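Grab a coffee and work through these three short exercises with the structure open beside you. Try each task before you read its solution.

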Amino acid sequence: MQNNPSILSIAYLPSIRYVKQLLSCKTVYLEKHETYKKQTYRNRCVIYSANGALPLSIPVIKPQGNRTKVCDVVLDNSVKWRKEHWRAIESAYKNSAYFEYLKDYFEQYYVKEWKYLWDFNLSILETIMTILEIKVELKETELYIKEYDNSFTDMRRLVDENKKEMLNNTQDDKYFQVFENKHAFIPNLSVFDLLCNCGMDSRIILMKKVAVS
């Protein structure tokens with residue numbers, strides 16, 4: 001367990017490595033005031049479909065252009081992304097052991113219309129923490145700090161990893177995946193993949209190794 005608080009950026013259906021970092025901390029600050037970066041896991045996740053790794057990306061609107069803070073990014077609900085994402089998730093995991101259980105927790109996010117990416121991601125993260133019984137204290141940053149001193153563990157880069165970096169991560173312990181017989185084991189997907197396949201055993205798997213900076 002890390003005594004120093006961690007700094008994490010918000011993420012959409014966050015990766016296994018991201019949730020490992022949560023489990024290794026007593027306190028986590030979520031970076032609320034950084035400038036939003038496109039093509040990161042702030043609005044994107046990767047699940048395991050019948051055709052292999054499948055990125056899901058949420059279309060967003062930046063009201064202040066390239067100066068928009070992540071907390072001010074608006075979901076583009078003129079696009080039917082919620083319906084498309086849930087259809088992809090259901091298709092990928094309907095035959096997994098725990099999807100029917102998890103469906104009651106997550107389907108609501110694809111029915112209700114949310115305005116802000118921050119609120120949407122934060123609520124999903126809190127749901128994941130509830131399911132996994134993660135007792136970490138979550139706080140929000142009050143201002144943007146480019147570099148933190150050694151009293152903090154800065155893990156904001158976790159959501160900036162490109163697809164190759166993310167999927168080639170070797171820190172994950174293997175677990176059963178529905179389509180593993182077709183495409184082999186794929187590491188560091190959205191933690192939703194782990195939850196669907198392993199249920200509450202997911203916490204045990206996550207606790208075996210913790211993320212490092």
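**Exercise 1: the pocket**

Find out which residues line the largest pocket, and what kinds of residue they are.

*Solution.* Keep in mind that you're looking at a predicted model. Start with the acidic side chains: Glu34, Asp154 and Asp160 are in the lining. Next come the basic ones, namely Lys37, Arg42, Lys146, Arg156 and Arg157. Thr35 and Tyr144 complete the list. Sorted by type, that lining gives 8 charged residues, 1 polar and 1 nonpolar. As for space, the pocket holds about 150 Å³.

**Exercise 2: two helices**

Work out how helix 1 and helix 8 are oriented relative to each other, and which residues meet.

*Solution.* Two numbers do the job here: packed helices are described by the angle between their axes and the distance between the axes. Helix 1 covers residues 16-23 and helix 8 covers residues 201-208; their axes are 9 Å apart, at an angle of about 80°. Angles of 65 to 115 degrees count as roughly perpendicular, so helix 1 is roughly perpendicular to helix 8. Now the contacts: helix 1 brings Ile16, Val19, Lys20 and Leu23, and these meet Arg203, Leu206 and Met207 of helix 8. By type, this contact has 5 nonpolar residues, 2 charged and no polar ones.

**Exercise 3: the whole chain**

Decide how compact the chain is for its 213 residues.

*Solution.* First, the inventory: 8 helices and 8 strands. The radius of gyration is 16 Å, close to the 17 Å from the globule rule, so the chain is as compact as a globular protein of that length. Along its principal axes, the C-alpha trace spans about 45 × 45 × 30 Å.

How values were computed:
Residues are numbered from 1 along each chain as its sequence is written. This is a predicted model: local features need pLDDT of at least 70, side-chain atom pairs count only at pLDDT 80 or more; totals for chains, interfaces and linings use all residues. Side-chain values use heavy atoms; hydrogens and water are left out. Axes are lines fitted to C-alpha atoms, for helices over the stretch in contact, and angles run from 0 to 180 degrees between N-to-C directions. Helices (H or I, at least four residues) and strands (E, at least two) are DSSP runs, numbered from the N terminus. Angles under 35 degrees count as roughly parallel, over 145 as roughly antiparallel, 65 to 115 as roughly perpendicular and the rest as oblique. Contact means heavy atoms within 4.5 Å. Ala, Val, Leu, Ile, Met, Phe, Trp, Tyr, Cys and Pro count as nonpolar, Asp, Glu, Lys and Arg as charged, and the others, Gly among them, as polar. On a 1 Å grid over the protein atoms alone, a cavity is a set of points where a 1.4 Å probe fits but cannot get out, and a pocket is an open set with protein on both sides within 12 Å along at least five of seven lines; lining residues have an atom within 4 Å of a point. Grid points are joined across faces, edges and corners, and a volume is the space filled by probe spheres set on the points. The radius of gyration is taken over C-alpha atoms; the globule rule is 2.2 Å times the number of residues to the power 0.38.
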